[in-house]
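Here is a short report on charged side chains and their partners. Have the sequence and the model open side by side while reading.

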Amino acid sequence: MAKEVGHKVIVSNRRARHDYSIIDTYEAGLVLAGTEVKSLRAGKASLADSFATVSGGEIYLHNVHIPEYSHGTWTNHEPRRKRKLLLHRQEIEKLIGKTKESGYSLVPLSLYFRDGKAKVELALAKGRKVHDKRQALAKRDAQREIERAMGRAAKGKNRR
């Protein structure tokens, strides 16, 4: 069988980018059971309400819903079990130090396959307040309007 190459996104957590200010991102491997991998290859997963915690010097992913594999037997996995993340020791130490500071969380942004291996994009994030969310939306809308105006001007169709 040929080796898989490339990057295939399974699911992304768009809500996390709205609710949190992303400070830094990391790519981590996942410890998965065989039926979990098959379910992910079918494109089924949910990152809603998921988060990562530090426990015993290791990082675990909680509340990621990977549904049971439809053709699985009694060896099928539990859909919302906690899953260990695979990171370099220095990255783990850095994340442990940052999460001890108040207000920082570990949030998964996306789940994908890279060269046939399941990976998760993990973000060190700080929660946004309601007014910060409004400011971010207003800033994004203003930037989009500026880009539209520049596009119209470049095409010679300046209407304003």
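Start in helix 4, with Glu-145. At 29% relative accessibility, Glu-145 is partly exposed. Its salt-bridge partner is Arg-148, with N and O 3.7 Å apart. Arg-148 is partly exposed as well, at 47% relative accessibility. The two residues sit three apart in helix 4, which means about one helical turn separates them. Elsewhere, salt bridges with shared partners link Glu-36, Arg-81 and Arg-83 into one network.

**Confidence**

This is a predicted model. Mean pLDDT for the protein is 83, and 93% of its residues reach 70 or more. Among the elements, strand 4 (residues 58-62) has the highest mean pLDDT, 91. Helix 2 (residues 34-41) has the lowest, 81.

**Salt bridges**

Side chains of opposite charge can pair when their charged atoms come close. The count here comes to ten salt bridges. Three of them are set out below, including the pair already described.

| Acidic residue | Basic residue | Closest N to O |
|---|---|---|
| Asp-24 | Lys-94 | 3.6 Å |
| Asp-141 | Arg-144 | 3.4 Å |
| Glu-145 | Arg-148 | 3.7 Å |

What does the salt bridge between Asp-24 and Lys-94 tie together? Asp-24 belongs to strand 2 (residues 20-30) and Lys-94 to helix 3 (residues 89-100), so the pair joins parts that are 70 residues apart in sequence. Asp-24 is partly exposed, with a relative accessible area of 29%. Lys-94 is also partly exposed, at 43%.

The bridge between Asp-141 and Arg-144 lies within one element. Both residues are in helix 4 (residues 130-155), three residues apart, so about one helical turn lies between them. Asp-141 counts as partly exposed, with 43% relative accessibility. Arg-144 is partly exposed too, at 40%.

**A buried lysine without a bridge**

Now turn to strand 7 (residues 117-127), which holds Lys-119. Lys-119 is buried, yet it has no salt bridge. Where is the nearest side chain of opposite charge? That side chain belongs to Glu-27, and it is 4.8 Å away. A salt bridge needs the nitrogen within 4 Å of a carboxyl oxygen, so a pair at that distance does not count.

Lys-119 does have contacts away from its own stretch of sequence. Leaving out residues up to four places away, it touches Glu-27, Ala-28, Gly-29 and Leu-30. Ser-110, Leu-111, Tyr-112 and Arg-114 are also on its contact list.

**Charges over rings**

Which lysines lie over the face of a tyrosine? Lys-82 lies over the face of Tyr-60, at 4.5 Å from the ring centre. Lys-126 lies over the face of Tyr-104, at 4.6 Å from the ring centre. Pairs between aromatic rings are another matter: a search of the whole structure finds zero.

**Ile-96 in helix 3**

Helix 3 also holds Ile-96. Is Ile-96 buried or exposed? Ile-96 is buried, because its relative accessible area is 16% and the cut-off for buried is under 20%. Not counting residues up to four places away in sequence, Ile-96 touches Val-54 and Gly-57. Ser-21 is 75 residues from Ile-96 in sequence, and their C-alpha atoms are 18 Å apart in space.

Key. Residues are numbered from 1 along each chain as its sequence is written. This is a predicted model: local features need pLDDT of at least 70, side-chain atom pairs count only at pLDDT 80 or more; totals for chains, interfaces and linings use all residues. Side-chain values use heavy atoms; hydrogens and water are left out. pLDDT is the predictor's confidence in each residue, from 0 to 100. Helices (H or I, at least four residues) and strands (E, at least two) are DSSP runs, numbered from the N terminus. Buried means under 20% relative accessible area, exposed over 50%, partly exposed in between (1.4 Å probe, protein chains only). Lys and Arg count as positive and Asp and Glu as negative; His and the chain ends are not counted. Contact means heavy atoms within 4.5 Å. Rings of Phe, Tyr and Trp (its six-membered ring) pair if their centres lie within 6.5 Å; planes under 30 degrees apart count as stacked, over 60 as edge-to-face and the rest as tilted. A charge sits over a ring if NZ of Lys or CZ of Arg is within 6 Å of the ring centre and within 35 degrees of the ring normal.
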